[in-house]
Amino acid sequence: EFENKIKNYVGLNYCVAFNSGTSALHGLLLAYGLGQDDEIIIPSFSFISTANSVVNIHAKPIFSDIEEITLGLEPQSILEKITPNTKAIMPVDYAGLSCNIEKIQQIADEKGILLIEDAAESLGASINGKMVGSYADSAMFSFCGNKVLTTGEGGAIVTNSVKVYEKLKLIRSHGRLDSGNYFSDPTESKYVQLGYNWRMSTITASLGLSQLSKLPKIIKMRQQNADYISSRLSKISEIQLPHVPSEYEHIYQMYTIRVKDKQTRNLLQQHLLTKQIFSKVYFYPIHLTEYYKENFPTEDGSLPITEKISNQVLTLPMYPNMTNEEKNYLIESILEFFE
């Protein structure tokens with residue numbers, strides 16, 4: 001039931017739920033038959049599971065730079081990274097806002113390359129009314145604890161490909177060809193390939209259903225909170241607020257501001273901590289982490305926008321039931337810092 005409601009919400013034919021967004025993405029790459037030495041273009045400005053999913057299938061992550069509006073993959077940078085070994089482009093939607101998916105889709109179509117959207121943070125976002133997740137060949141959503149729709153932990157793949165759909169069901173359940181519920185089917189199981197224990201539990205799915213029924217309300221509350229905070233912080237010239245193109249709908253899974261440099265960002269974060277206000281930098285560049293720097297090195301300075309943005313961003317508290325008192329305390333604390 002959860003899978004059916006997710007696919008209908010996004011407007012696609014199939015949905016397969018997993019026990020995490022990471023296992024869903026890993027399974028999707030396997031379902032497409034990607035593997036040894038295949039190149040997959042991804043952003044470095046993402047949670048590390050985006051890259052880990054590529055490496056775990058023995059493919060090669062090709063880090064491409066981002067643009068400053070949506071903080072997603074920059075189309076021209078993608079074009080510069082494409083080689084004969086490029087098998088897929090995997091853009092990421094940051095904080096609940098779609099990347100420039102229409103232009104990226106155009107590039108993928110023109111080059112005959114698979115488009116897989118890491119839409120972990122953006123279930124409910126849209127462009128001109130078209131839902132995020134419906135542009136790519138397949139897309140992944142995450143339902144972990146900080147997402148707009150959360151099941152505590154969980155994920156799902158949406159797609160229009162029946163072939164991918166059938167493969168995903170095998171991959172997530174030990175390669176078992178199920179004709180019904182395993183726990184109530186007395187017949188011998190058929191195991192037709194290798195697979196994993198990546199199923200979402202029924203209990204988890206039921207929690208997802210309860211969240212899904214409230215999703216439009218939750219998104220609206222987040223948007224209203226973001227609008228209020230932005231209207232007050234807009235008076236501070238040293239802060240760059242989230243930018244939402246006119247045709248885009250932002251669901252504000254995270255509310256991220258930018259300041260001029262790393263030092264200012266870190267000082268602001270420390271100031272907020274003294275006020276008992278939590279803030280966090282969620283995405284440090286993946287290509288600068290120890291493992292990827294050693295095993296998949298990029299040229300120094302080859303991702304200048306990624307490195308600049310990562311030094312400027314700070315994610316502030318954002319949740320549906322923020323009180324006016326909490327919002328004002330956050331705003332006044334930031335005002336105090338810049339004054």
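Here are two short exercises on the overall build of this protein and on one pair of its helices.

This is a predicted model, in which local features need pLDDT of at least 70, side-chain atom pairs count only at pLDDT 80 or more, and totals for chains, interfaces and linings use all residues. Residues are numbered from 1 along each chain as its sequence is written, and side-chain values use heavy atoms, with hydrogens and water left out.

**Exercise 1.** Describe the secondary structure and the compactness of the protein.

*Solution.* Start with the elements: there are twelve helices and 14 strands, taken as DSSP runs (H or I, at least four residues, for helices; E, at least two, for strands) and numbered from the N terminus. Next, the radius of gyration is 20 Å, close to the 20 Å that the globule rule gives for 339 residues, so the protein is as compact as a globular protein of that length. Here the radius is taken over C-alpha atoms, and the rule is 2.2 Å times the number of residues to the power 0.38. Finally, the C-alpha atoms fill a box of roughly 70 × 45 × 35 Å along the principal axes.

**Exercise 2.** Work out how helix 1 and helix 7 meet, and which residues make the contact.

*Solution.* First take the axes, lines fitted to C-alpha atoms over the stretch in contact, with angles from 0 to 180 degrees between N-to-C directions. Those of helix 1 (residues 2-10) and helix 7 (residues 202-212) come within 9 Å and cross at roughly 35°. Then look for contacts (heavy atoms within 4.5 Å): helix 1 contributes Phe2, Lys5 and Ile6, while helix 7 brings Ala205, Gly208, Leu209 and Leu212.
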